[in-house]
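Hi everyone, thanks for coming. I'd like to walk you through one structure today, so have a look at the screen.

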There are 2 protein chains.
Amino acid sequence: MTTVLVVDDEAALLHALVINLRARDFKVEAAATGRAALEKVARVRPDIVILDLGLPDMDGIEVLAGIRGWSDIPVLVLSARSTSEEKVRALENGADDYITKPFDMAELVARVRAATRRSAMRTAGITDPIVTTEAFVIDRSAATVTRDGKVVRLTPTEWHILDVLAANRGKLVSQQQLLTQVWGPGFERQGNYLRVHMAALRRKLEPEASRPQYLITEPGLGYRLV
Amino acid sequence: MTTVLVVDDEAALLHALVINLRARDFKVEAAATGRAALEKVARVRPDIVILDLGLPDMDGIEVLAGIRGWSDIPVLVLSARSTSEEKVRALENGADDYITKPFDMAELVARVRAATRRSAMRTAGITDPIVTTEAFVIDRSAATVTRDGKVVRLTPTEWHILDVLAANRGKLVSQQQLLTQVWGPGFERQGNYLRVHMAALRRKLEPEASRPQYLITEPGLGYRLV
DNA sequence: ACGAGTCTTAACGGCTTCTATACGAGCCGT
DNA sequence: ACGGCTCGTATAGAAGCCGTTAAGACTCGT
C-alpha cells in the first residue's frame, strides 16, 4: 500500500487530509513540524510527502532541501501563497507539484496518485522476476529457463504455459485459466492441447519426465508449479 | 537537449509558448490538432508534451489516452476549465500535471522542468549509457556502435532498434514492443519490418551473420541482446 | 532535378512448431 | 473387478514463423 507523509501544523487541515487519504486506501503518517517531518521521512520511508510550506520551526523550502539531500521521493508542496515566484522557487528546489490553499480534496488526491504512479514506474522494472526451483530457474523478464547452467530451448507455447505457471508459483492454475491465458478466449474445451504441451515441458525440464516433481498435475482441476 | 511538443489550436498562445520555451533552451515542436499531435509524438519522440485540452478535432482526453496507450512520456495538460472534476479526469487518465488558463509563464516552465527532471531520473539510474558485448560496444548517449575499434555506420531505424534492445539488454523484447517503440503505435502487425532490419543489423554487427550470437531471436516472442 | 542512401513491400524456401487424432495407463466409485 | 473418466504419450500432416533477397518508393542534400 502507498504510504503518505502529511506535514502540516494546522491541526484541522492535517486532520482533514489524514481522514480523506485514509478513506482512499492510503497509509498515512503525520508530522506537524519540519524537524518531525525530516525525522519521519528517514524512518518511515513514505512513498510520497505532502508538505505545507508554512511550518513553525523552519522554512518549508529548507525541509524540502533536507529531503532532496538524500532522497528522490515525490514531494507535493502545499501553500497559501499563490505568487508565481513562490511556486517557481519550490518547483526548482525539487518539489514535484505545488498546490495553493484553499484546494479541492479530490484534486489533491488525484495529484498524489499521479505523482506516486510516476515514481512507481521507476522502481517497477528493478527487481527481476526470477522464479527458482531446485531443478531449473525461470527468468520471466528474459523469457529463459536455465537447467544445470544451460539455457533450455522452449517453443512459444511452452514458454507461455510455463510463464503463467511461474506467475502463480505454488498456486493451482485451472485448465481453463491456462487455456484462455495462452490460447485466448474460446479454447476452454481444448484440454488436450495442455496435455500435449505439458508433456513436452516435462520432457525438457523434469529430471524424470514420467515422475513429475515440479510441474504437478492436479487431476480434474489444473496444474501447479512448485 | 530537452524536446517539448506544444499542442494548442490558438495561434497566439501557441506562439507565446514556443517563443518562451525556445528562450529557455528547449527544443520545441508544435501541433495544432489532436491528430497532428499524436502523429508528432510518434515521429519526433519529445521528452514532454504540453497539451491543451480544447482542440478542434478531438477530445483532449482522447489524445492523452492515445499517447498513454503506448508511451510513458510526461504530459502536462493545459485547460481553461478549472473545475476539480476536469482536473481529476485528466490526472486519472495519465496526465502528469494540470494547469488552468490563464497561467503564469514562469510557473509553467518550472512545472515543465519538474516533470522532465523526474522522468529523466527514471532512465538515468537504471540503464547504463554504454552497453558492451564481446563483439561490439554500444554508446547510447553518443548513438554510436564500435566494432574492432571502428565505428559502424547504422541507419536511423537500425540504430533505433538496437537502442531499444540495448536498453533492455539480456531481457526479451517482444516484437510488439519493438514495433511500437521504433515505428510508433499502429505498426504492431508489421513483423516483417523487424525481420528485414534485424538482418541488416546482424550483417553489420555479428561476426557470423548467419549464426547470430548477440542479436538473438526468440521465435514467436521477440528479440534479445546478450 | 538528380542521385545516394534508406525504407517499404512482397515473395519464397527452410525449418520449427502446432494441431488433431488415436491409444494406453492410471484412478475412482460402484 | 469393472466401466468411465481423465491424463500422458506418440505421430503425421498442416500451419506458422523466420531469414533472405530484390525491386520500387521515398527522403534528403547537392
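Before we start, one bit of vocabulary: Ala, Val, Leu, Ile, Met, Phe, Trp, Tyr, Cys and Pro count as nonpolar, Asp, Glu, Lys and Arg count as charged, and the others, Gly among them, count as polar. Keep in mind too that this is a predicted model.

Okay, let's start with the empty spaces. Rolling a probe the size of a water molecule over the atoms shows where empty space is left. How many cavities of 30 Å³ or more does a search of the whole structure find? There are 2.

Take the second largest cavity, with about 30 Å³ of space. Its lining is A:Arg118, A:Ser119, A:Arg122, B:Arg118, B:Ser119 and B:Arg122. Using our vocabulary, that lining splits into no nonpolar, 2 polar and 4 charged residues. Helix 5 of chain A and helix 5 of chain B each give at least two residues to the lining of this second largest cavity.

Now the largest cavity, which holds about 150 Å³. Residues from both chains line it, among them A:Asp96, A:Asp97, A:Arg111, B:Asp96, B:Asp97 and B:Arg111. A:Arg118 and B:Arg118 are in the lining of the largest cavity, and they turn up in the lining of the second largest cavity as well. By class, the largest cavity's lining has 4 nonpolar, no polar and 8 charged residues.

Let's move along chain A. The domain assignment gives domain 1 (3-124) and domain 2 (130-225). The centres of these two domains of chain A, taken over C-alpha atoms, are 46 Å apart.

Next, helix packing in chain A. Helix 6, residues 156-167, packs against helix 8, residues 191-205, at about 85°, with the axes 10 Å apart. Anything from 65 to 115 degrees counts as roughly perpendicular, so helix 6 and helix 8 of chain A are roughly perpendicular to each other. On the helix 6 side, the residues in contact include A:Ile161, A:Leu162 and A:Leu165, and they meet helix 8 residues including A:Leu194, A:Met198 and A:Leu201. This contact of helix 6 with helix 8 has 8 nonpolar, 2 polar and 2 charged residues.

And which way does helix 7 of chain A lie against helix 8 of chain A, roughly parallel or roughly perpendicular? Helix 7, residues 175-183, packs on helix 8 at about 80°, with their axes 10 Å apart, which means roughly perpendicular. Here A:Gln175, A:Leu178, A:Leu179 and A:Trp183 of helix 7 touch A:Gly191, A:Tyr193, A:Leu194 and A:His197 of helix 8. By class, that's 5 nonpolar, 3 polar and no charged residues.

That's my tour, thanks for listening!

Notes
Residues numbered from 1 in each chain as written. Chains lettered and ligands numbered in written order. Predicted model: local features only at pLDDT ≥ 70, side-chain atom pairs only at ≥ 80, totals over all residues. Heavy atoms only, no water. Domains from an automatic or database assignment. Axes fitted to C-alpha atoms, helices over the stretch in contact; angles between N-to-C directions. Helix = DSSP H or I, 4+ residues; strand = E, 2+ residues; numbered from the N terminus. Parallel < 35°, antiparallel > 145°, perpendicular 65-115°, else oblique. Contact = heavy atoms within 4.5 Å. 1 Å grid on protein atoms, 1.4 Å probe; cavity = no way out; pocket = protein on both sides within 12 Å on 5 of 7 lines; lining within 4 Å. Points joined across faces, edges and corners; volume = space filled by probe spheres on them.
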